[in-house]
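Colleague: I have this model open on my screen and would love a close look at one part of it. Could you walk me through the largest nonpolar core and tell me which residues build it?

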Amino acid sequence: MKATLISLLLVGLVCAAAQAAPPDVPDPQDWARLTPEQQQQRRSELKQRLQQATPAERREFREQLRQRLETLSPAERRALVAQTRERWDQLPPEQRQRMAEQRRQEIQAMSPEQRRELLRQRRAMLDKLSPEERRALREKLPER
């Protein structure tokens with residue numbers, strides 16, 4: 001779960017919804033430097049703006065976010081994941097649980113079409129990972 005925290009946070013942005021023009025896509029490294037409280041505030045602002053956007057504007061925002069993440073080198077992605085994992089580990093267990101539950105609720109509130117799109121986007125991102133990154137991610141996933 002820790003290894004996918006950055007993905008969950010960024011996917012939370014993707015799945016949120018924009019205003020007259022889609023909001024600017026946050027820089028992943030700048031985002032990682034924000035405190036969890038600042039991230040929550042920014043996420044709420046983005047979600048609000050995205051809810052006021054047209055479907056085309058929301059699609060544009062998601063595409064821009066995806067492109068920004070895909071331009072990161074494997075080393076940059078690893079550093080970003082490590083930094084996020086370190087922050088996650090420093091959070092009190094109650095806050096981690098609260099954040100995980102909030103994300104679960106967001107996903108449950110999505111329509112079946114939105115969940116399918118989220119799954120498609122996650123798979124597309126996984127396809128872009130290096131074999132080493134995929135292997136490291138698999139090792140961190142809980143057994144089902």
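Modeller: Happy to; I will start with the whole chain, go on to the core, and end with one helix contact. Please keep in mind that this is a predicted model. The chain has eight helices and zero strands, so from the N terminus on the elements simply read α-α-α-α-α-α-α-α. Of its 144 residues, 35% count as buried. The accessible surface comes to about 9,100 Å², and carbon and sulfur atoms account for 50% of that.

Now to the part you asked about. The largest nonpolar core has ten residues. Leucines in it are Leu 46, Leu 50, Leu 65, Leu 69, Leu 72 and Leu 80, and they are joined by Val 25, Trp 31, Ala 32 and Phe 61. Three elements give two or more residues each to this core: α2 (28-33), α3 (36-51) and α4 (55-70). Of these, α4 gives the most, with three residues. In soluble globular proteins, nonpolar side chains tend to be buried together.

For another view of the chain, turn to helix α6 (residues 93-108) and helix α7 (residues 112-128), whose axes come within 10 Å and cross at roughly 120°. Because of that angle, α6 counts as oblique to α7. On the α6 side, the contact is made by Arg 103, Ile 107 and Gln 108; on the α7 side, Arg 115, Leu 118 and Arg 122 take part. Sorted by class, this contact has two nonpolar, one polar and three charged residues.

Technical notes. Residues are numbered from 1 along each chain as its sequence is written. This is a predicted model: local features need pLDDT of at least 70, side-chain atom pairs count only at pLDDT 80 or more; totals for chains, interfaces and linings use all residues. Side-chain values use heavy atoms; hydrogens and water are left out. Axes are lines fitted to C-alpha atoms, for helices over the stretch in contact, and angles run from 0 to 180 degrees between N-to-C directions. Helices (H or I, at least four residues) and strands (E, at least two) are DSSP runs, numbered from the N terminus. Angles under 35 degrees count as roughly parallel, over 145 as roughly antiparallel, 65 to 115 as roughly perpendicular and the rest as oblique. Contact means heavy atoms within 4.5 Å. Ala, Val, Leu, Ile, Met, Phe, Trp, Tyr, Cys and Pro count as nonpolar, Asp, Glu, Lys and Arg as charged, and the others, Gly among them, as polar. Buried means under 20% relative accessible area, exposed over 50%, partly exposed in between (1.4 Å probe, protein chains only). Accessible areas come from the Shrake-Rupley method with a 1.4 Å probe; for residues, only the protein chains shown count as cover. A nonpolar core is a set of buried Ala, Val, Leu, Ile, Met, Phe, Trp, Tyr and Cys residues joined through side-chain atoms within 4.5 Å.
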